[in-house]
Amino acid sequence: MNSTRAAQAIDSVRTDLKVPGRGIDVLEKGSTTNHFINKLWNAEENRDVVNKFLNNDLCSVCAENKDPKACLEWFQTYAIQDLFYLIDYLKFKALCLTAIPQGEVPTMAVEVESISKVPGYVTGWLHSCMQKIRISPERIAQEERSVAELAYANYLQVEASREDWFNGHVIMIARVYGWSILAKELYDRPSTDRSSVFYTEFILANIDTSDRVNNPDCLSKDARELSAFLDQNVNAWGNEIDQKKKWSSLFRTSFRLEVALFHSAFSPYGA
């Protein structure tokens, strides 16, 4: 299973594969080593943001589901903010068309194809919110974007406008690879309630347990593809000595924003 937000993120990787010169086709010949991501994930200077992400209150409490009513309410709040994120992403993708250099028709064609898929992600998650997470249309209409969601959307737009192609994929680590690692940790906890909506719509949606021999971490297909993509393209897009500080900054900021988005749904005062 794959989460909706992870799906739209990894679609950017698949889109790049169709544009000559933008990346190696890892979908056919890549192996998942997680070498690039592990350097950032295991770095001493990033340990604090990784630990906060993996132990965020929203996911920890909702996984245990000791108060089903409250946990469903918190997860519903988070799901609506995620819906806002997808809507903002659609608008951003459309605006990106104006940045394509004049004459690059093949690139424009690929980007238009990519954009055409995003409304499906939005409507798909909207359907899940109403049918599976049991959020009323009235509540969705009345909810406002949290400060955390606004900050995350702004960050993505700003970084996408000034960062290179490879760094744009570094930003994806938190929401694709990170979600999968987090879901696996929650899946393994004995205290996790396997009958909850959070379990089916977040935990199971972000892991792959079909082949534990070759995929012991139960990483989702999306996470494996992103990791392999980064490993195979890193040497073509920057010197590690020069870029290490920048990659760490993007990694840290993305994970901090993910934690803030979780917190905004769990905090009794909102955000």
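This text walks through the predicted model from its overall make-up to one helix, the nonpolar core and the salt bridges.

The protein has 271 residues. Its secondary structure amounts to 14 helices and 0 strands. Read from the N terminus, the elements therefore run as an unbroken series of α entries, as in α-α-α-α-α-α-α-α-α-α-α-α-α-α. Of the residues, 52% count as buried. The accessible surface adds up to about 13,000 Å², and carbon and sulfur atoms hold 54% of that area. Contacts can also be sorted by distance along the chain. Among contacts with a separation of 6 or more, 81% are between residues 24 or more positions apart.

Helix 9 shows how a single element can have two sides. This helix covers residues 147–162, which makes 16 residues. From its first C-alpha to its last it reaches 23 Å, close to the 22 Å expected at 1.5 Å a residue. Which residues of helix 9 are buried? They are A148, E149, Y152, A153, Y155, L156 and E159. Viewed down the axis of helix 9, these buried residues fall within an arc of 155°, so they line one face of the helix. The face turned away from that buried side carries the exposed residues V147, S161 and R162. A general point about helices helps here. An α-helix has 3.6 residues a turn, so residues three or four places apart point the same way.

The next topic is the nonpolar core. In soluble globular proteins, nonpolar side chains tend to be buried together. In this model, the largest nonpolar core contains 68 residues. The members that touch the most other members are F36, V170, I173, F198, F202 and F262. F262 can serve as an example. Setting aside neighbours within four places in sequence, F262 is in contact with F53, N56, L58, C59, Y78, W179, L182 and F202. One of these partners, F202, is also in the group of core residues that touch the most other members.

Charged side chains make up the last part of the picture. Side chains of opposite charge can pair when their charged atoms come close. The structure holds 9 salt bridges.

One of them brings in helix 9 again, through E149, which is among the buried residues of that helix. The side chain of E149 meets that of R145 in a salt bridge, with 3.5 Å from N to O. E149 has 1% relative accessibility and so counts as buried, whereas R145, at 30%, counts as partly exposed.

A second salt bridge joins D188 and K184, whose closest N and O atoms are 2.5 Å apart. Both residues lie in helix 11 (residues 173–188), and because they are 4 residues apart, about one helical turn separates them. D188 is partly exposed, with a relative accessible area of 42%, while K184 counts as buried at 13% relative accessibility.

A further salt bridge is found in helix 13 (residues 221–233), where E225 and K221 are 4 residues apart, about one turn of the helix. Their side chains meet at 2.4 Å, N to O. Is E225 buried or exposed? At 9% relative accessibility, E225 counts as buried. K221 is partly exposed, and its relative accessible area is 41%.

Salt bridges can also share partners. In this way E73, R139 and E143 are joined into one network.

Methods
Residues are numbered from 1 along each chain as its sequence is written. This is a predicted model: local features need pLDDT of at least 70, side-chain atom pairs count only at pLDDT 80 or more; totals for chains, interfaces and linings use all residues. Side-chain values use heavy atoms; hydrogens and water are left out. A salt bridge is a side-chain nitrogen of Lys or Arg within 4 Å of a carboxyl oxygen of Asp or Glu. Buried means under 20% relative accessible area, exposed over 50%, partly exposed in between (1.4 Å probe, protein chains only). Helices (H or I, at least four residues) and strands (E, at least two) are DSSP runs, numbered from the N terminus. A nonpolar core is a set of buried Ala, Val, Leu, Ile, Met, Phe, Trp, Tyr and Cys residues joined through side-chain atoms within 4.5 Å. Contact means heavy atoms within 4.5 Å. Accessible areas come from the Shrake-Rupley method with a 1.4 Å probe; for residues, only the protein chains shown count as cover. The expected span of a helix is 1.5 Å times one less than its number of residues. The arc is that of the directions from the helix axis to the C-beta atoms.
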